[in-house]
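This briefing gathers what can be read from one protein model about its domains, its charged pairs, its cysteines and one tryptophan. Please keep the sequence and the coordinates at hand while going through it.

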Amino acid sequence: MAAVVSPALKHWRTTLERVEKFVSPLYFTDCNLRGRLFGNSCPVSALSSFLTPERLPYQEAVQQDFRPAQVGDSFGPTWWTCWFRVELTIPEAWVGQEVHLCWESDGESLVWHDGEPVQGLTKEGEKTSYVLTDRLGAGDPRSLTLYVEVACNGLLGAGKGTMIAAPDPGKMFQVSRAELAVFHRDVHKLLVDLELLLGIAKGLGEDSQRSFQALYTANQIVNVCDPTQPQTFPMAQDLASRFFGQRGGESQHTIHATGHCHIDTAWLWPFKETVRKCARSWVTAVRLMERNPEFIFACSQAQQLEWVKTHYPGLHARLQEFACRGQFVPVGGTWVEMDGNLPSGEAMVRQFLQGQRFFLQEFGKICSEFWLPDTFGYSAQLPQIMRGCGIRHFLTQKLSWNLVNSFPHHTFFWEGLDGSRVLTHFPPGDSYGMEGSVEEVLKTVAKNRDKGRTNHSAFLFGFGDGGGGPTQTMVDRLKRLCNTDGLPRVQLSSPGRLFSALESDSGQLCTWVGELFLELHNGTYTTHAQIKKGNRECERVLHDVELLSSLALARSVHFLYPAAQLQDLWRLLLLNQFHDVVTGSCIQLVAEEAMSHYQDIRSHGNTLLSTAAAALCAGEPGPEGLLIVNTLPWKRTEVLALPRPGGAHSLGFVPSPGDSAQHGLCSCACPQLTAAPPAPAACVCPARAPADSTSRLPPAKTDGSVTLDNGIIRVRLEPTGRLTSLLLVASGREAIAEGALGNQFVLFDDVPLYWDAWDVMDYHLETRKPVLGQAGTLAVGTEGGVRGSACFLLQISPNSRLSQEVVLDVGCPYVRFRTEVHWHEAHKFLKVEFPARVRSPQATYEVQFGHLQRPTHYNTSWDWARYEVWAHRWMDLSEHGFGLALLNDCKYGASVRGSVLSLSLLRASKAPDATADMGRHEFTYALMPHEGSFQDAGVIRAAYSLNFPLLALPAPGPAPATAWSAFSVSSPAVVLETVKQAETSPQGRTLVLRLYEAHGSHVDCWLHTSLPVQEAVLCDLLEQRDPAGHLPLREASLKLTFSPFQVRSLLLTLQPPLN
């Protein structure tokens, strides 16, 4: 009779550790299960390599001179590529078995077979083998040749010492394994089961009955399973299946597991490496889709798909095939995963316009969810922009990084500035790179802050940031957990199914109103100032080119709108608005590429401006000279530097022409000191005789101070260049706080906890050091005439200096501070402060298509977590009847604490770019005191004028003799933001106009146009006609109705030109 083993008492820890050692890759691999994952092995038949600094296409690479290589050889350095030719011969004895190429090397690898990429390999992404065959057949070929393309960088770049350090340029790489091996799939399945049982035992803990059931099941599997005897595996598998087959109840939380691979379009590696990261990651996802029909993979960023289409057309075709099957799911709807704070409203619209059109063209439909898991905050205007672009759902998780306050929801409605709402979901596991572990599954349920309100959550799995994506092991884990007692229900699912489930049970969801502010990474509003400046300038250039080209289209029968060129330039700008580029949180290589992109946009943009100007002048009677263009939708009179023969310039007091119109042109026949009445927007007008107005600049006083006065404001500068007074002349109201000094530069120590380029910590405020100037450096610059100015120098530190011209023009309601800085610091932060004689508990900041208020006090943790915030062109501090606005032409970081307005100017972070911000900078900010509200005082228009100066373009022939204006808007609350050709434009004669309500009010207004309009109809932001949106044209005017901060777009179809 066989002996009966009597049950033994179990010790929790020893039992747990026994199972852990049985699956360990480190301990007892000579006798445990992990050591039997691979069976027989043999070296590859031959290995040869070719090293190149270029990223060569496959067809070119395989033609190169390959030299013999062996395992252990070093290659590099960083950013080079080593191609390996791998010749294989599979032993006859392996017939009937699964055979892998086992490849382990530093760097990121891509396997090529028959001219197509077939598998990404990287140790960091737990992909170190390529399946040659699931089961070697008797008639299958035994010999084949593969190529392995190895990039000399890791998944997360090549930082020297730490991940975010600047790249190590001399780093070398090595292949440590290259062999064929038999893979034991049954061992793999048992390892997955045992890992999950261990996860359940640990995750549910010693107080749970189910936990002990998992542990005892795992222990029993170890008892029955002999790693050297495969015939014992079925009994072990039966034990596991019995456990996982015990079902949960109907009330279980449902987890929607979606394959995901977040790839930063550039970050710790250059743009060109991202192209290859996409191929490595997505071809691996294709393999998983082939092997697992239930596996679904979500993929964002049209730019990356466009790169793959260009460089890997075969892979792109496979992605389209799996999209038709519903396994490959394009998401996001944008060109890239852009920053959520810094791009303009129009640029955000273009992200969706370019992205959605690409997805529609390549995959047959637009995206219904916005996908932005890793950016540094989310503008309050995003819900409206999403809704206007066909999107009702939003997914992110970045607010889980908040340093101070835990965001109170994971599933909620997000209401934007205008009242638009989108259903929003943050995966409760607070990650977009899950690996399918029990711990992550349990965390997803436990951390969910909307228990009772919703019973569904997203679970995004796959290695991310530097790519990699899901593995077969992750998929196997999640399939095994589909419905197991003690755990939530797990479905391999799609974003669409997730949001459908959330929407069907959304009655109890809460609403969050306003911006989603990330309480971290607020140094990104300032880091890499030249990138920020390039972004703002190029947004302006593209605005102006589109406007002039639209007017030329309307005026000239021969003009061809440069649609293709503009699309290319917009896509370059949108690429740079990726959330690790425009933010400055990238390596030096990326920053240099970004600056090159901006230069291309400026150069080509200026060429397109000249072409449009030539078309506008064609056939017009009038003197040769300059074409003065006002690209803003209100009349303006400004001092402008006009070119003179020999390259010199003189100041002109120039109008945008004529009446109350906007967007217009005027000619200036004599490029000399001139003055003229107000100019309407987008207009052409001749220059007039000087008006009787001057900017009075009294001589410097004996105490060294200087006063500037233009009859609107009076500015007094003390001898070092700081403001002692800023007076509204008409009322005598002082704007600078009593006893305080404005234009005070301050320096802070700027040493964050880790994320150097990203973070400025609250404690930096404790290190404030005013930069003190030397008396005697202040001097009168321009005196009398249409402009008055004063200049001074300031030594910031032994290594850095600043020069500034304080400028006051005739008729201008603000004083400008034109600044040049030579900056050579380490971990310092430069700001400029203006203490105001204003008291208010909140300040106003411009955002995309509007503005919002933030507190000036630190009452709560939510208040003081906003010690450094972002704004676009202006911020304002107002009390009843009076306020002070601070305008800028390229800055984004700001704060108002108490009554002190502060503009962030320059940082000096050293990682991931040790050279960030070093060198010369030019920028302008301006100060505008005003009576009444900032809306009624014209602060918004003033900030636009600072950022969109009148254009003085050389007229190649006679410029129009009379002023001409295209558009005007009857209400000062409505801004005509954009005029462009429609993306789909029959005969090219359809324009898109985009307007928004800027004051925060309900308003009716009339849009007047001098263009020959045939039809006007409202449309959405994707330029789709509103079937009920026909607008009657009455006396060349259209009536429009706006609610606060509403953005409206319309299509204007033009009549064919007479000439």
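**Charged pairs, domains and cysteines**

At 22% relative accessibility, Arg-177 counts as partly exposed, and Glu-104, also at 22% relative accessibility, is likewise partly exposed. The model is predicted, and it holds 54 salt bridges; the side chains of Glu-104 and Arg-177 form one with an N to O distance of 3.4 Å.

**Salt bridges within the chain**

- The bridge between Glu-104 and Arg-177 links distant parts of the chain, since Glu-104 belongs to strand 6 (residues 98-105) and Arg-177 to strand 11 (residues 173-183), with the two positions 73 residues apart in sequence numbering.
- Another salt bridge joins the side chains of Lys-123 and Asp-106, with 3.6 Å from N to O.
- Lys-123 sits in the loop between strand 8 (116-121) and strand 9 (129-133), while Asp-106 sits in the loop between strand 6 and strand 7 (108-113), so this pair ties together parts that are 17 residues apart in sequence.
- Both partners of that bridge are partly exposed, Lys-123 with a relative accessible area of 37% and Asp-106 with a relative accessible area of 27%.
- In the salt bridge between Arg-280 and Glu-273 the closest N and O atoms are 2.8 Å apart.
- Here the partners are buried, Arg-280 at 5% relative accessibility and Glu-273 with a relative accessible area of 0%.
- Arg-280 and Glu-273 also belong to a network of salt bridges, in which they are linked with Arg-55, Glu-108, Glu-149, Arg-276 and Lys-277.

**Domains, and the interface of domain 2 and domain 3**

- The domain assignment divides the protein into domain 1 (34-183), domain 2 (188-245), domain 3 (254-513), domain 4 (682-687 + 703-947) and domain 5 (970-1058).
- The contact between domain 2 and domain 3 takes 15 residues from domain 2 and 13 residues from domain 3, and the centres of these two domains, taken over C-alpha atoms, are separated by 33 Å.
- About 1,100 Å² of area is buried between domain 2 and domain 3, and carbon and sulfur atoms give 62% of that area.
- On the side of domain 2, the residues that lose the most area to domain 3 are Leu-196, Arg-210 and Phe-244, which together account for 41% of what that side buries.
- Two salt bridges are found across the interface of domain 2 and domain 3, and five residue pairs are in polar contact across it.
- Two elements, helix 3 (185-204) and helix 5 (233-244), each give two or more residues to the side of domain 2 that touches domain 3, and helix 3 gives the most, with nine residues.
- Elsewhere in the list of charged pairs, the side chains of Glu-195 and Arg-477 meet in a salt bridge, at 3.6 Å from N to O.

**Cysteines**

- The count of disulfides in the model is zero.
- Cys-791 is in no disulfide, and the nearest cysteine sulfur, which belongs to Cys-812, is 17 Å away.
- For Cys-1005, the closest cysteine sulfur is that of Cys-1019 at 16 Å, which is too far for a bond, given that a disulfide requires the two sulfur atoms to be within 2.5 Å.
- The surroundings of Cys-791 and Cys-1005 can be described through their accessibility: Cys-791 is partly exposed, with a relative accessible area of 29%, whereas Cys-1005 is buried, with a relative accessible area of 0%.

**The setting of Trp-79**

- Trp-79 lies in the loop between strand 4 (74-75) and strand 5 (81-89), and at 15% relative accessibility Trp-79 counts as buried.
- Leaving aside residues up to four places away in sequence, Trp-79 touches Pro-53, Arg-55, Cys-152, Asn-153, Gly-157, Pro-167, Leu-268, Trp-269, Pro-270, Ile-587 and Leu-589.
- One of these contacts, Arg-55, is also a member of the salt-bridge network that includes Glu-273 and Arg-280.
- Trp-79 and Leu-481 are 402 residues apart along the chain, and their C-alpha atoms are separated by 41 Å.

Key:
Residues are numbered from 1 along each chain as its sequence is written. This is a predicted model: local features need pLDDT of at least 70, side-chain atom pairs count only at pLDDT 80 or more; totals for chains, interfaces and linings use all residues. Side-chain values use heavy atoms; hydrogens and water are left out. Buried means under 20% relative accessible area, exposed over 50%, partly exposed in between (1.4 Å probe, protein chains only). Domain bounds come from an automatic or database domain assignment. Contact means heavy atoms within 4.5 Å. Buried area is the accessible area (1.4 Å probe) that two parts lose on being put together, summed over both. A salt bridge is a side-chain nitrogen of Lys or Arg within 4 Å of a carboxyl oxygen of Asp or Glu. A polar contact is a pair of N or O atoms within 3.5 Å; within protein, one must be able to donate a hydrogen and the other to accept it, and residues adjacent in sequence count only if both atoms are side-chain atoms. Helices (H or I, at least four residues) and strands (E, at least two) are DSSP runs, numbered from the N terminus.
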